[in-house]
Amino acid sequence: ASCLCSIRTNLRVYLSVSTRAHISTMVTSEAYEEYKREYTSSLSRIRNHLASSKRDKAVMIECDRLLSDAKRCATAMQAMAEIEGNAHRTNEAQNLLTKDIAPLAKEINRQLSKSKPNTNAEREELFYQAPDIESSEHPRSDMDSLIQNSDDLLQESRSILADTEEIGTRTLQQMGRQREQIENSNQHLTALQAATQQAKTILGSMAYRAWKSKMALYGMIATLLAANGYVLY
């Protein structure tokens, strides 16, 4: 019984450790893929901006912001891969930092340096007085563009939040299935313990019967020896 309790305890510990390790690996892998999708989206938008004919300062600033997001995602991917212990993914994240982000950063910095205004232009921009909105003949396209970019960022944040919630839901479902498996294993262990106890009882009964048969045989042998001695003497 003590041996069975020890086996049961060890199995529970093993199942708990293996379940936690499996869940941790699953969550880390899903987080890696989520950062990878965000990284791919940021780089795609950067390349679209650089491929277009419009490369003014506002576009380059947006490219620099997207590049910062991509660098953050690549760094997070490398950290997730190191936690998971996946050497292939670790090398992949390092290659993203060196082969993708570094050349793009160099190109964006070059474009930003080209688009820097001179001192007079900076002074004009500093003392520039915006026209009255009511008397202006042209719409405030820059403000509309900033509002549109803010709306896009808000929509993207909502999408990321929804994806994160979906990942959390899948993780909880997976943990529920793992809990059900552990409960089933516990039931199997209980049944195994009952079967072992029954087998122990049967073996004890068989041993007692064998002992009785052995004693009866010894009695018969002693009786025969006594009879032979009486006949001979």
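**Exercises on a predicted helical model**

Beyond its neighbours within four places in sequence, Tyr39 is in contact with Ala70, Cys73, Ala74, Met77, Leu96, Asp100 and Ile101. The exercises below concern a predicted model.

**Exercise: the overall fold**

Determine how many helices and strands the chain has, and in what order they follow.

Solution. Begin with the inventory: the chain contains five helices and zero strands. Next, read these elements along the sequence, which gives the pattern α-α-α-α-α. Then turn to burial: 18% of the 233 residues count as buried. Finally, examine the range of the contacts. Among contacts with a separation of 6 or more, 76% join residues 24 or more positions apart.

**Exercise: the largest nonpolar core**

Identify which residues touch the most other members of the largest nonpolar core, and which helices supply this core.

Solution. Begin with the membership: the core has 22 residues, and Tyr39 and Ile46 are the ones that touch the most other members. Next, assign the core to helices. At least two residues come from each of α1 (2–51), α2 (57–84) and α3 (87–114). The largest share belongs to α2, which provides eleven residues. As general background, nonpolar side chains in soluble globular proteins tend to be buried together. Finally, return to Tyr39, whose contacts beyond four places in sequence include Ala74, Met77 and Leu96.

**Exercise: Ala81 and Arg89**

Establish whether Ala81 and Arg89 are buried or exposed, and list what each touches beyond four places in sequence.

Solution. Begin with location: Ala81 belongs to helix α2, while Arg89 belongs to helix α3. Next, apply the cut-off for burial, which is under 20% relative accessible area. Ala81 has a value of 0% and is therefore buried. Arg89, at 14%, is likewise under the cut-off and therefore buried. Then list the contacts. Ala81 touches Tyr32, Asn86, Arg89 and Thr90. Arg89 is in contact with Ser29, Tyr32, Glu33, Ala81 and Glu84. Tyr32 thus appears in both lists. Finally, consider the distance between Ala81 and Tyr32: they are 49 residues apart in sequence, yet their C-alpha atoms are 7.2 Å apart.

**Exercise: Lys36 and Glu62**

Classify Lys36 and Glu62 by accessibility, and state which residues each contacts beyond four places in sequence.

Solution. Begin with Lys36, which sits in helix α1. Its relative accessibility is 28%; partly exposed covers the range between 20% and 50%, so Lys36 is partly exposed. The residues that Lys36 touches are Met77 and Glu92. Between Lys36 and Met77 there are 7.0 Å from C-alpha to C-alpha, although they stand 41 residues apart along the chain. Continue with Glu62, which sits in helix α2. Its relative accessibility is 17%, which means that Glu62 counts as buried. The contacts of Glu62 are Arg45 and His49.

**Exercise: the aromatic pair**

Decide why the rings of Tyr208 and Trp211 count as a stacked pair.

Solution. Begin with the count: the structure has one aromatic pair. The ring centres of Tyr208 and Trp211 lie 6.3 Å apart, which satisfies the limit of 6.5 Å for pairing. Their planes meet at 25°, and planes under 30 degrees apart count as stacked, so the pair is stacked. Next, place the partners: both lie in helix α5 (residues 141–232), three residues apart, or about one turn of the helix. Finally, Trp211 has 48% relative accessibility and therefore counts as partly exposed.

**Exercise: the largest pocket**

Describe which helices and what kinds of residue line the largest pocket.

Solution. Begin with the volume, which is about 610 Å³. Next, inspect the lining of 17 residues; Ala58, Val59, Ser145, Leu146 and Asn149 lie nearest the centre of the pocket. Then assign the lining to helices: α1, α2 and α5 each supply at least two residues. The greatest contribution comes from α5, with seven residues. Finally, sort the lining by chemical class, which yields five nonpolar, five polar and seven charged residues.

Terms used:
Residues numbered from 1 in each chain as written. Predicted model: local features only at pLDDT ≥ 70, side-chain atom pairs only at ≥ 80, totals over all residues. Heavy atoms only, no water. Phe/Tyr/Trp six-rings, centres within 6.5 Å; stacked < 30°, edge-to-face > 60°. Helix = DSSP H or I, 4+ residues; strand = E, 2+ residues; numbered from the N terminus. Buried < 20%, exposed > 50% of the residue type's maximum accessible area, 1.4 Å probe, protein only. Core = buried A, V, L, I, M, F, W, Y, C linked by side-chain atoms within 4.5 Å. Contact = heavy atoms within 4.5 Å. 1 Å grid on protein atoms, 1.4 Å probe; cavity = no way out; pocket = protein on both sides within 12 Å on 5 of 7 lines; lining within 4 Å. Points joined across faces, edges and corners; volume = space filled by probe spheres on them. Nonpolar A, V, L, I, M, F, W, Y, C, P; charged D, E, K, R; others polar.
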